Amino acid sequence: MTSSKTAAAKFLTVPPNLALDFLVLFARFESSAKALGFFDDVNQTPKVSWSKVAVCIDEGFQAKKQSDKKLSQLVDWLLKEPPKKQVVVEGEASFQSRTPTGKSETEVLLQLVARIRNNLFHGNKGFIRSDAVRDEDLLTAGLDLIHHFSVSEGRFAARFEDVIS
């Protein structure tokens with residue numbers, strides 16, 4: 001019998017450890033946001049409010065971006081070439097280029113990282129298909145941004161690093 005790791009890995013176009021790192025750290029980031037109260041109550045289900053997270057981390061993140069040329073270039077690239085969004089067109093699921101709107105650049109970036117996660121988990125990104133060339137770059141960019149977001153504000157950084165509370 002083939003191990004589940006090998007069975008799953010054969011369907012990926014990205015390194016399995018990259019996909020796992022992204023999913024685990026995104027989940028940690030999202031969990032931290034909820035624990036700090038950055039969510040909306042949607043039918044008694046907490047849904048992360050990226051606008052509330054952005055308000056919390058924007059000042060620290062933007063200061064880091066101003067002093068870090070590599071981060072600034074990453075942000076510019078992701079804003080110019082955002083991950084596509086899965087939408088329904090004429091009854092079919094497809095991907096289209098759509099840049100989210102937000103009150104700040106940080107909020108837009110948070111939404112784009114969430115889209116990377118959604119595409120990987122729900123939208124066939126990272127899996128074998130003809131247009132998969134950007135998937136690894138997007139996951140790597142998402143991981144870099146999660147790191148920078150998570151250290152941009154003291155309470156957020158402490159919560160993100162807290163193993164279990």
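**View 1. Pro 83 sits in the loop between H4 and E3.** This is a predicted model, and the first stop is a proline. With a relative accessible area of 1%, Pro 83 is buried. Leaving aside residues up to four places away in sequence, Pro 83 touches Leu 78, Leu 112, Arg 115, Ile 116, Asn 119, Arg 134 and Leu 138. One of these, Leu 112, lies 29 residues from Pro 83 along the chain, yet the two C-alpha atoms are separated by 6.9 Å.

**View 2. The whole chain, for orientation, has 7 helices and 4 strands.** Reading from the N terminus, the elements go α-α-β-β-α-α-β-β-α-α-α. The chain has 165 residues, and 38% of them count as buried. Take the contacts between residues at least 6 apart in sequence: 68% of those join residues at least 24 apart. As for the outside, the accessible surface comes to about 9,700 Å², and carbon and sulfur atoms account for 53% of that.

**View 3. E3 and E4 form an antiparallel hairpin with 5 bridges between the strands.** Strand E3 covers residues 85-89, and strand E4 covers residues 92-96. To find your way along the pair, look for Gln 86, whose bridge partner in E4 is Phe 95. The hairpin has 2 residues between its strands. Glu 90 belongs to that loop between E3 and E4. Its phi is near 50°, which is a positive value in a residue other than glycine. Is Glu 90 buried or exposed? At 80% relative accessibility, Glu 90 counts as exposed.

**View 4. Asn 43 is another non-glycine residue with a positive phi, this one near 55°.** Look for Asn 43 in the loop between E1 and strand E2, the latter spanning 45-48. Asn 43 has 72% relative accessibility, so it counts as exposed.

**View 5. The largest nonpolar core takes in 36 residues.** Which residues have the most contacts inside this core? They are Phe 22, Phe 29, Val 53, Leu 145 and Phe 149. Six helices each supply at least two core residues: H2 (16-35), H3 (50-67), H4 (69-80), H5 (105-122), H6 (135-150) and H7 (154-161). H5 gives the largest share, with 8 residues. As a general backdrop, nonpolar side chains in soluble globular proteins tend to be buried together.

**View 6. Val 53 is a good place to look into that core, being among the residues with the most contacts inside it.** Not counting residues up to four places away in sequence, Val 53 touches Phe 29, Ala 33, Phe 38, Val 48, Leu 110 and Phe 156. One of those neighbors, Phe 29, is also on the list of residues with the most contacts inside the core.

**View 7. Leu 20, Val 24 and Leu 25 make a nonpolar patch on the surface.** The patch comes to about 250 Å². For a landmark, use helix H2, where Leu 20 has its place.

**View 8. Asp 40 and Lys 52 join their side chains in a salt bridge, at 2.9 Å from N to O.** The pair links distant parts of the chain, with Asp 40 in strand E1 (residues 39-42) and Lys 52 in helix H3, 12 residues apart. How exposed are the two partners? Asp 40 is partly exposed, at a relative accessible area of 33%. Lys 52 is partly exposed too, with a value of 34%. The structure holds 6 salt bridges, and the next two views show others.

**View 9. Asp 68 forms a salt bridge with Lys 64.** The closest N and O atoms of this pair are 3.5 Å apart. Which side of the 20% cut-off for buried does Asp 68 fall on? Buried means under 20% relative accessible area, so Asp 68, at 17%, counts as buried. Lys 64, by contrast, is partly exposed, with a relative accessible area of 36%.

**View 10. Asp 162 and Arg 159 make a salt bridge, with their closest N and O atoms 3.9 Å apart.** Asp 162 has 29% relative accessibility and counts as partly exposed. Arg 159 is also partly exposed, with a relative accessible area of 22%.

Notes
Residues numbered from 1 in each chain as written. Predicted model: local features only at pLDDT ≥ 70, side-chain atom pairs only at ≥ 80, totals over all residues. Heavy atoms only, no water. Pairing = 2+ DSSP bridges. Buried < 20%, exposed > 50% of the residue type's maximum accessible area, 1.4 Å probe, protein only. Contact = heavy atoms within 4.5 Å. Areas by Shrake-Rupley, 256 points an atom, 1.4 Å probe, with all protein chains shown as cover. Core = buried A, V, L, I, M, F, W, Y, C linked by side-chain atoms within 4.5 Å. Patch = residues over 30% accessible without salt bridge, like charges linked within 9 Å, V, L, I, M, F, W, Y side chains within 5 Å. Salt bridge = Lys/Arg side-chain N within 4 Å of Asp/Glu carboxyl O.
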